[in-house]
Amino acid sequence: MHKRKYTKEQLEFYFKKLMDKIKKIPREEDLEKAKGYPSVQTYVDRFGSWQNAVNLFGNKKLSERRCANCGKLFVRSKKTNKFCSKKCLMLFHSKKSSKYTKAIDNKVKQILGGTCFICDFTYFLEIHCLDNKKDSNHKVLTAYNKKNLHDFILLCPNHHMMLHKKLAKLSRKENDLIWQE
Ligand SMILES: [Zn+2]
Ligand SMILES: [Zn+2]
Ligand SMILES: [Zn+2]
């Protein structure tokens, strides 16, 4: 039986050709369905695994998606992944409400991670708005209904008090929040 041997360059060429054609990083199934391409096994034999070939030749930009909740670009890891974060997944499935109930309060705290942003304290948590103005349930409810809680964090009473008494400062730096005392 004649078995065709592919060079590494050829395997790269075919991988990229398929990626161009289907406009996403090919999965093993995509290659199996494609006609006139080397087999998945050829890639596995050469690179150790299909994932290794993906790591070498895959264009990460093609797996970027917009979060179905907040619209931010993120690199999805699984095909079913539609959200940039667990926060957005939970918000997306939340229902609008006209009243700030205890249930919503609990839900918001769960979405915000369930611990103090600074010290990981998990009791008596308070919701703080990063605008540093007066916190109110109404503000939280409006943001919750808009499915965007990006301007809120959880703080324990101690750290919360420090912020409002200006004993500490939280400032944004790119995507991070910096706490300074
Ligand atoms: Zn998001
Ligand atoms: Zn704390
Ligand atoms: Zn506050």
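Two residues are said to be in contact, or to touch, when heavy atoms of theirs lie within 4.5 Å of each other. With that in mind, and remembering throughout that this is a predicted model, begin the tour by selecting Phe152.

**Stop 1: Phe152 and the core around it**

Leaving out residues up to four places away in sequence, Phe152 touches Leu112, Ile127, His128, Cys129, Leu130, Lys139, Val140 and Ala143. Phe152 is also among the residues with the most contacts inside the largest nonpolar core, which has 27 residues, and the others to select with it are Val108, Leu112, Ile127, Tyr144 and Leu149. If you now colour by secondary structure, you can follow the elements that each supply at least two residues of this core, namely helices H5 (86-92), H6 (102-111), H7 (137-145) and H8 (157-164), together with strands E3 (126-129) and E4 (152-155). Apart from this core lies another, of 17 residues, and to find it you can select some of its members, including Met19, Ile25, Tyr43 and Val54. In soluble globular proteins, nonpolar side chains tend to be buried together.

**Stop 2: helix H1**

Next select residues 8-22, which form helix H1; its 15 residues reach 21 Å from the first C-alpha to the last, close to the 21 Å expected at 1.5 Å a residue. Which residues of H1 are buried? They are Leu11, Tyr14, Phe15, Leu18 and Met19, and if you turn the view to look down the axis of H1, these buried residues fall within an arc of 135 degrees, so they line one face of the helix. An α-helix has 3.6 residues a turn, so residues three or four places apart point the same way. On the other side of H1 you will find Glu9, Asp20 and Lys21, which are exposed, while the buried residues pack against helix H2 (28-33), helix H3 (40-47) and helix H4 (50-57). Just after H1, pause at Lys23, which takes a positive phi of about 55 degrees.

**Stop 3: the zinc ion, ligand 1**

Now select ligand 1, a zinc ion whose protein donors are the SG atoms of Cys67, Cys70, Cys84 and Cys88, lying 2.3 to 2.4 Å from it. The four donor atoms subtend angles of 107 to 112 degrees around this zinc ion, which makes the arrangement tetrahedral. Along the chain, the spacing of these donor residues reads C-x2-C-x13-C-x3-C. Cys67 is buried, with a relative accessible area of 5%, whereas Cys70, at 29%, is partly exposed.

**Stop 4: the zinc ion, ligand 3**

Move on to ligand 3, a zinc ion coordinated at 2.0 Å by His128 (ND1), Asp135 (OD), His160 (NE2) and His164 (NE2). The angles among these four donor atoms run from 96 to 136 degrees, and the site is irregular. The donor residues follow the spacing H-x6-D-x24-H-x3-H. Because His128 lies in strand E3 and His164 in helix H8, the pair ties together parts that are 36 residues apart in sequence. Is His128 buried or exposed? At 1% relative accessibility, His128 counts as buried, while His164, with a relative accessible area of 34%, is partly exposed.

**Stop 5: Ser49**

Finish by selecting Ser49, which sits in the loop between H3 and H4 and, at 24% relative accessibility, counts as partly exposed. Leaving aside neighbours within four places in sequence, Ser49 is in contact with Tyr43 and Val44. From Ser49 you can draw a distance to Arg172, which is 123 residues away in sequence and 41 Å away in space, C-alpha to C-alpha.

Key: Residues numbered from 1 in each chain as written. Chains lettered and ligands numbered in written order. Predicted model: local features only at pLDDT ≥ 70, side-chain atom pairs only at ≥ 80, totals over all residues. Heavy atoms only, no water. Core = buried A, V, L, I, M, F, W, Y, C linked by side-chain atoms within 4.5 Å. Buried < 20%, exposed > 50% of the residue type's maximum accessible area, 1.4 Å probe, protein only. Helix = DSSP H or I, 4+ residues; strand = E, 2+ residues; numbered from the N terminus. Expected span 1.5 Å × (residues − 1). Arc of directions from axis to C-beta. Donors = N, O, S within 2.8 Å, 3.2 Å for Na, K, Ca; no water. Tetrahedral: all angles 85-135°; square planar, octahedral: opposite > 155°, others 65-115°.
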